[in-house]
Amino acid sequence: MSAGWLPWLGVPLSHGPLAAAVTAFAISPGIPILLARTLEQRWLRPREQFVAFIYGDPLLAVATGTGTGVSHGTAPTAVASLTSGAGAVGVVVTWLVFGLWQWWDEVRSGYFLPAQAVAPTKVWHQLLIYPVLGYLGIAASMAGLTAATHTGTAAAAKALIGVCVLAWLGAHLYDRRHPKLGHPPYDWRRLRPAPHPWPRTSTTLLAAATPPHPPKAA
């Protein structure tokens with residue numbers, strides 16, 4: 001294990017704050033933007049996307065980089081049981097199981113159509129963003145918050161980590177009450193989104209078809 005992190009997954013945390021932040025940002029929103037453009041043939045416009053994706057995940061990348069910087073790329077002993085070894089594997093598995101459960105529940109409840117649930121960006125979100133970004137964000141943030149550094153700069157950095165993580169959590173809570181399209185119905189046989197018109201039979205498709213500011217009655 002390297003510097004108290006998981007092998008492979010924790011490598012960016014051992015190479016400084018910039019590497020950690022860039023890796024986290026690449027996982028989300030970086031790669032999903034590329035998947036959306038190349039496979040789903042669409043641009044991810046901020047007003048059409050979930051707040052947690054557009055703003056929350058970049059803030060988590062900031063927390064990841066800041067935590068790595070404050071901890072100097074080494075997990076403190078106080079949190080080593082959750083950043084490496086069986087505890088860290090448990091964190092990754094927990095995020096993965098949560099992602100799988102959410103995937104199933106969103107289709108079961110009609111939040112997404114099955115065709116939306118297999119869109120490339122959705123597959124990436126459930127199978128990669130949750131376990132990988134979940135581990136990097138939690139490990140680096142905990143390392144930064146518990147680092148034995150007490151300078152004014154370190155205190156400010158720790159406050160920044162806390163603000164970013166809380167904003168990330170708040171964005172997820174906000175999104176559950178304000179659904180967006182998120183992922184288009186996708187046809188893997190043609191490697192492109194299903195043709196329009198899309199059926200308005202899921203919560204997210206209904207939200208995408210509803211104007212953000214309905215016209216006022218005369």
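Helices (H or I, at least four residues) and strands (E, at least two) are DSSP runs, numbered from the N terminus. The exercises below concern a predicted model.

**Exercise 1.** Locate Leu191 and state what is notable about its phi and its exposure.

*Solution.* Leu191 lies in the loop between strand S1 (186-187) and S2. Its phi is positive, about 55 degrees, although Leu191 is not a glycine. Partly exposed covers what falls between under 20% and over 50% relative accessible area, and Leu191, with 44%, is therefore partly exposed.

**Exercise 2.** Carry out the analysis for His72, deciding whether it is buried or exposed.

*Solution.* His72 sits in the loop between helix H2 (51-70) and helix H3 (80-83), and its phi, near 55 degrees, is a positive value in a residue other than glycine. Because its relative accessibility is 65%, His72 counts as exposed.

**Exercise 3.** Describe how H4 and H6 are arranged, and which residues form the nonpolar patch on the surface.

*Solution.* The axes of H4 and H6 come within 9 Å and cross at roughly 150 degrees. Angles over 145 degrees count as roughly antiparallel, so H4 and H6 are roughly antiparallel to each other, and their crossing is right-handed. The patch consists of Leu96, Leu100, Leu127 and Leu128, which together have about 270 Å² of accessible area; helix H4 (85-108) and helix H6 (120-146) each supply at least two of its residues.

**Exercise 4.** Place the cis peptide bonds that precede Pro29 and Pro197.

*Solution.* Ser28 and Pro29 are joined by a cis peptide bond with omega of about 15 degrees, and Pro29 belongs to helix H1 (residues 16-38). The cis bond between His196 and Pro197 has omega of about 0 degrees, with Pro197 in the loop between strand S2 (192-193) and helix H8 (203-209).

Notes. Residues numbered from 1 in each chain as written. Predicted model: local features only at pLDDT ≥ 70, side-chain atom pairs only at ≥ 80, totals over all residues. Heavy atoms only, no water. Patch = residues over 30% accessible without salt bridge, like charges linked within 9 Å, V, L, I, M, F, W, Y side chains within 5 Å. Areas by Shrake-Rupley, 256 points an atom, 1.4 Å probe, with all protein chains shown as cover. Salt bridge = Lys/Arg side-chain N within 4 Å of Asp/Glu carboxyl O. Axes fitted to C-alpha atoms, helices over the stretch in contact; angles between N-to-C directions. Parallel < 35°, antiparallel > 145°, perpendicular 65-115°, else oblique. Left-handed = near helix turned anticlockwise from the far one by under 90°. Buried < 20%, exposed > 50% of the residue type's maximum accessible area, 1.4 Å probe, protein only.
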